[in-house]
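Reader: I am in my first year and would like to take a close look at one part of this molecule, rather than hurry over the whole of it. Could you take me through it slowly?

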Amino acid sequence: MAVIDFAHPDRLWALAAVPLLVALYAVGSHRVARRRGARTGLQLVVPRDRTWLRHLAVALALLSLVTLTVAWAKPTQEVEVPSERGTIVVTIDVSLSMEATDVEPNRLEAAKAAAVEFVEGIPPRYNVAVVSFAQTAAILVPPTTDHGAATAAIANLQLAPSTAIGEGIFTSLNALLQVPPDPENPDEPPPARIVLLSDGSTTYGRTSAEAAEQAAAQEVPVYTIAYGTENGYVEINGQREPVPVNQAELRQIAQISGGEAYEARSAGELETVYQDIQSSVGTERVPMESTSRYAGAGLVFAVLASLGLVSLAARWP
């Protein structure tokens with residue numbers, strides 16, 4: 001639910017007049033009803049006004065007063081608008097477990113295809129960086145608006161041993177230090193997000209929780225994608241080695257950093273996840289004054305109340 005703020009909240013005290021007016025109207029209506037009860041037979045022949053229309057007109061007038069008072073206080077609400085600029089770090093696990101074939105043709109190849117499509121759909125003015133991690137992490141492409149360079153780097157990812165999710169996040173944060181300054185606001189860093197795809201648990205380097213805390217401190221949410229199934233395995237020296245997805249660790253990263261956690265068990269689900277993230281990172285919430293909306297509603301209520309009063313006046317003898 002959208003939260004409403006006011007530039008002049010002190011003006012809302014004018015709403016205190018509404019219950020007072022309601023009370024006065026109730027007292028007046030009661031007196032009118034008593035007088036009607038005492039009418040003579042001749043008076044009853046005179047056409048009465050329609051009581052329900054009178055009540056409706058008063059209710060509309062009061063609604064007009066409420067909405068116009070709210071407009072007078074200058075309300076603002078946060079709305080989502082397309083972001084003109086931002087930075088997304090695509091961080092991909094290339095550990096040996098990504099060779100599992102529970103997702104065809106294997107986890108890594110399917111992840112590469114979906115990540116390329118994801119980058120191609122990012123707004124042109126967005127900077128995109130690419131980071132890969134296994135035992136160590138590396139910035140393959142620093143933040144750039146050359147999305148072709150990012151997709152080429154993703155397409156050339158190669159497998160390596162071990163899994164250092166924490167190092168992948170720390171390296172992604174380092175990549176953000178290379179973001180080109182905004183020409184219009186050189187001292188203000190543009191909004192940034194890390195989109196991290198992994199299938200395993202941290203086996204090397206600093207902990208992912210520590211890295212997520214650092215991301216939160218820098219106000220960079222991490223969107224995690226737990227990719228693969230519980231039945232995944234790789235063959236090592238002729239032996240099947242199970243490589244189930246550790247969803248709990250990735251959920252913890254998202255929770256600590258202020259991002260969101262996703263799960264994908266197939267190439268199709270992964271594409272859907274990337275599309276959802278794409279729609280999220282392509283917008284930002286900004287405060288917008290909504291005075292005109294409330295003033296317009298107040299005007300509509302006032303017009304309807306006036307029409308009701310005119311209709312009543314036309315019936316008077």
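Reader: In what sense do β7 and β10 pair, and over how many bridges? Please also show me what surrounds these two strands.

Author: Bearing in mind that this is a predicted model, we can begin with the pairing itself: β7 and β10 run together in the parallel sense, and 4 bridges join them. One place to find this pairing in the picture is Tyr-227, whose bridge partner in β10 is Ala-264.

If you then follow β10 along its length, you will see its side chains alternate, with Tyr-262 and Ala-264 pointing to one face, where they are buried, and Ala-261 and Glu-263 pointing to the other, where they are not.

The buried face leads us to Ile-225, since Tyr-262 and Ala-264 are both among the residues that Ile-225 touches. Leaving aside residues up to four places away in sequence, the contacts of Ile-225 also include Val-195, Leu-196, Leu-197 and Ser-198, as well as Leu-250, Leu-270, Val-273, Tyr-274 and Ile-277.

From Ile-225 we can widen the view to the largest nonpolar core, which has 35 residues and in which Ile-225 is listed with Val-90, Phe-118, Ile-154, Leu-197, Leu-270 and Tyr-274 as having the most contacts inside it. Both β7 (222-227) and β10 (261-264) supply at least two residues of this core, as do β3, β4, β6, α4, α5 and α9. The largest share, 8 residues, comes from α4. Apart from this core lies another, of 23 residues, among them Ala-175, Ala-192, Ala-212 and Val-222. Such groupings fit a general tendency: in soluble globular proteins, nonpolar side chains tend to be buried together.

It is helpful to set β10 beside β3, another strand that contributes to the largest core. In β3, Thr-87, Val-89, Thr-91 and Asp-93 point one way while Ile-88, Val-90 and Ile-92 point the other way, yet all of them are buried, whereas in β10 Ala-261 and Glu-263 are not. β3 has a parallel partner too, for it pairs with β4 over 7 bridges, and Val-90 stands opposite Val-130 in β4.

Finally, nonpolar side chains also appear on the surface, where Leu-299, Val-300, Val-303, Leu-304 and Leu-307 form a patch with about 450 Å² of accessible area together. Val-303, which belongs to helix α10, counts as partly exposed because its relative accessibility is 43%, a value that falls between the limits of 20% for buried and 50% for exposed.

Key: Residues are numbered from 1 along each chain as its sequence is written. This is a predicted model: local features need pLDDT of at least 70, side-chain atom pairs count only at pLDDT 80 or more; totals for chains, interfaces and linings use all residues. Side-chain values use heavy atoms; hydrogens and water are left out. A nonpolar core is a set of buried Ala, Val, Leu, Ile, Met, Phe, Trp, Tyr and Cys residues joined through side-chain atoms within 4.5 Å. Buried means under 20% relative accessible area, exposed over 50%, partly exposed in between (1.4 Å probe, protein chains only). Contact means heavy atoms within 4.5 Å. Patches are made of residues with over 30% relative accessible area and no salt bridge: like charges are joined within 9 Å, nonpolar side chains (Val, Leu, Ile, Met, Phe, Trp, Tyr) within 5 Å. Accessible areas come from the Shrake-Rupley method with a 1.4 Å probe; for residues, only the protein chains shown count as cover. A salt bridge is a side-chain nitrogen of Lys or Arg within 4 Å of a carboxyl oxygen of Asp or Glu. Two strands pair if DSSP finds at least two bridges between them.
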